[in-house]
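Subject: Handover of a structure and its findings

Dear colleague,

Please find the structure below, together with its sequence. The findings follow it, and I would be grateful if you would read them beside the model.

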Amino acid sequence: MKFNTREINSFFYSQYFSDGLRISAGILLPSLLLLEFDKFDLGLTLSLGALCICVIDTPGPATHKRNAMAIGNLCLLIVAVTTGFARLNIYTLGLEITLFSFLFSMFTVYGNRAASVGTCSLLIMIFMMDKALAPSDVLLYSLQILAGGVWYMLFSLIFFGIRPYRAAQQTLGENVADIAKFLRIKAEFYNPESDIDENYRKLVSQQIQVSQHQDAVRELLFKSRLVVRESTPSSRILVLTFVDLVDMFEQIMATHYDYYQMREKFKDTGVLNEIARIIYHMADELDDVAYIVLSNTRHRHVMDFNLELEKLKLKIDAIGKDQQETSTLVLKKVLINLRNLTESINNIYNYYNSKTLLKSTEIKGEVEYSQFVTHQDYAPHIFFDNFTFGSGVFKHALRVSLVCLVGFITAKTIAQGHHSYWVLLTIIVILKPGFSLSKQRNYQRLIGTIGGGAIGILILNFIPDSTVQFILLTIFMIGAYSFQRLNYVVSVIFMTPYVLILFKFLGVGLLNVAQERILDTVIGSSIAFIASYLIFPTWEFEVIEETLRDVVAANIKYLITIAESLSGKTIGTTAFKLARKDIYVKSANLSATFERMTSEPKSKQRNVKEVHKFVVLNHILSSYIAVIQAGLVKNAQRPHPEALRLLKKNISVLNESNKKLHGQSIDFNIGKTAPTTEIDKPELTADENLLKEQLGFINKISYDIAKVTDSILK
């Protein structure tokens, strides 16, 4: 019960609920305020403009929101005026829908924020197409819509300005919770009874979530000059927490070993179960950290991991004495990693419970942080360079354009209701660049609409009181916008009764609206589903080669960085971290591509088993490289000729795979390694022996990746 209560409280502190409140208030306030002055129609028009612009109000730096919403308002005015006049003739309206659907869908080439500007523009086009206006009223009505959009932009920016750090804090807290889930999956590898292959599947899936949230935090922290340059306690806590959080995730990634071999050696000793239990407790502590960050509260650190880890050390030492023929070095490495993880958790606790620590801690400069943030290029040539059937965005834009034209014709012939624009609205919401995403959004929309429609009808039939209905409308509205990024099915379940109650207040018949909304949703969903399969479809097997190539190249660059370090060249911490970040981002992209592939039709799935094997091998490879790099940094190991030879061999093998995937060979010049004889070969330390063993394992994984690559390309 305590865990459930914590989850509920975390949701109310989360960015999702905060977004729901802000968006709902921004849309409702114009109508409610103008209702008091008997100007409800004007209030509804302003709310319509706010409704369209709120689509752009997604997480990110305030400057990005401001610029995008300003451009969105300009598009809002242009599209509203154009549609107001185009709707006077059915043919000009059909032409406008076709052209604008293509144009604004192409905005996707500039990233998600630009894509939301395109969606906003298409929404006002759809809402205006059935609006009966005289030509003389079009400009005034369009300006009123613009006023609503400008109102929402100002409201959102003021909302953000009051608590400038809150969005970053919420995203950071959600990222901590993601890492706690990731840690629990890692714990299962030490459970002798768990399925290792199934653990890998869960692990790569959760890595996508961690990577996405870390990128979101980077955007909010390091693209916002306010957060980076200010030295207030709040900004310092956020930056310090995030830096430690990234290091913590890398430590967790670096606790990867040959779990099959570990189980074979230590299954009967009970030490693996003990490690799993401690890691689970650490995940619980991370959940506490997530709640602290989200709620901005203090918390007493209860768990003493030092005592637990000391008991674990004694157990490992006892195994070493009882089984002298079995090396316990791997277990000791695990113990060291767990100590480091404990230290990171303690550091974050201290940031939120000790003011003196913050005053003595320095934050590194903005220049270093800026290297970890991706920057979107908005050059015009990018838009026109994508006018080719080799571009997935171009095919998506053509598909949306043709399907919207079909939807428009259908709305005017078959679905001749008062709100037949719902057909087009459904198409715009459902159609995504890839088949799997469109398919997922399709059934989510259908389930949500039918379930929400039933709830709405029950409420309006059995709760006649208007005050209660309005309260429920507000709750459903907040719920719809709170869950739109978290769970789309739940969002639509909330949205449908909110729309039905709204139309009831506007004096529209209940059953007619409910039936019409469900019917139009079914029609729009059917058209979108058929189109995503037949009209310029984009299948994941068509782009998987590029994704594999990116991952292999990232691993090669990381290995080259390590080889340069081993050869005696001074490599800064930033270079290591950038190479590591590149691997994690590319690996998350590969995992996401594989997940989408598995949801496509069987006939369109190519070499799924081989791709899954590649995903797992890549995870093992990148984890082992992280283990080696962490050891090099900590121990400052001396140049070692044999280790360099193994590294060169691994790089060469991966380069061959990269060439087969039509990638360019990545040159590396680390210098020649002179052969050593048995006489002058220095005696290897325990750490160097482990390094040699790990490089040998990486060599095996590299060859396995080469074999799987050959199988995929057949």
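A residue is called buried when its relative accessible area is under 20%, exposed when that value is over 50%, and partly exposed in between. By that cut-off K577, at 18% relative accessibility, counts as buried. Please note that the model is a predicted one.

Overall composition

The chain contains 29 helices and zero strands. Of its 714 residues, 54% are buried. Among contacts with a separation of 6 or more, 82% join residues that are 24 or more positions apart. The accessible surface comes to about 32000 Å², and carbon and sulfur atoms account for 59% of that area.

Salt bridges

Side chains of opposite charge can pair when their charged atoms come close. The structure holds 20 salt bridges, and three of particular interest to this handover are set out here.

K577, introduced above, pairs with D247, and the closest N and O atoms of this salt bridge are 3.1 Å apart. D247 belongs to helix α11 (residues 233–253) and K577 to helix α26, so the pair ties together parts that are 330 residues apart in sequence. While K577 is buried, D247 is partly exposed at 22% relative accessibility.

The second salt bridge joins D19 to R485, with 2.8 Å between the closest N and O atoms. Because D19 lies in helix α2 and R485 in the loop between α22 and α23 (488–505), this pair links parts that are 466 residues apart in sequence. D19 is buried, with a relative accessibility of 6%, whereas R485 is partly exposed at 40%. Both residues also belong to a network of salt bridges that links D19, R22, D57, K65 and R485.

The third joins E656 and K659, whose closest N and O atoms are 3.6 Å apart. These two residues are three positions apart in helix α28 (residues 641–660), so about one helical turn separates them. Both ends are partly exposed: E656 has a relative accessible area of 42%, and K659 has one of 43%.

Cavities

Rolling a probe the size of a water molecule over the atoms shows where empty space is left. Five cavities of 30 Å³ or more are present in the structure. The largest cavity holds about 70 Å³ of space. Its lining consists of Q207, S211, Q214, D215, R218, F249, K581, Y584 and V585. Two or more lining residues come from each of α9 and α26 (573–598). Helix α9 makes the greatest contribution to this lining, with five residues.

Buried positions in the helices

Helix α9 (residues 196–222) also contains N199. N199 is buried, with a relative accessible area of 4%. Leaving aside residues up to four places away in sequence, N199 touches I185, E188, F189, S194 and R263.

A626 lies in helix α27 (residues 608–635) and is likewise buried, with a relative accessible area of 2%. The C-alpha atom of A626 is 8.2 Å from that of Q251, although the two residues are 375 residues apart along the chain.

Surface patch

L32, L35, F470 and F505 make up a nonpolar patch on the surface, and together they have about 320 Å² of accessible area. F470 is located in helix α22 (residues 466–482). At 32% relative accessibility, F470 counts as partly exposed.

Backbone angles in two loops

Two residues other than glycine should be noted for their positive phi values: D38, with phi near 60 degrees, and F536, with phi near 45 degrees. D38 sits in the loop between α2 (15–35) and α3 (40–53), where D38 is exposed at 70% relative accessibility. F536 is in the loop between α24 (510–534) and α25 (544–566). With a relative accessibility of 30%, F536 counts as partly exposed.

With kind regards

Terms used: Residues are numbered from 1 along each chain as its sequence is written. This is a predicted model: local features need pLDDT of at least 70, side-chain atom pairs count only at pLDDT 80 or more; totals for chains, interfaces and linings use all residues. Side-chain values use heavy atoms; hydrogens and water are left out. Helices (H or I, at least four residues) and strands (E, at least two) are DSSP runs, numbered from the N terminus. Buried means under 20% relative accessible area, exposed over 50%, partly exposed in between (1.4 Å probe, protein chains only). Contact means heavy atoms within 4.5 Å. Accessible areas come from the Shrake-Rupley method with a 1.4 Å probe; for residues, only the protein chains shown count as cover. Patches are made of residues with over 30% relative accessible area and no salt bridge: like charges are joined within 9 Å, nonpolar side chains (Val, Leu, Ile, Met, Phe, Trp, Tyr) within 5 Å. A salt bridge is a side-chain nitrogen of Lys or Arg within 4 Å of a carboxyl oxygen of Asp or Glu. On a 1 Å grid over the protein atoms alone, a cavity is a set of points where a 1.4 Å probe fits but cannot get out, and a pocket is an open set with protein on both sides within 12 Å along at least five of seven lines; lining residues have an atom within 4 Å of a point. Grid points are joined across faces, edges and corners, and a volume is the space filled by probe spheres set on the points.
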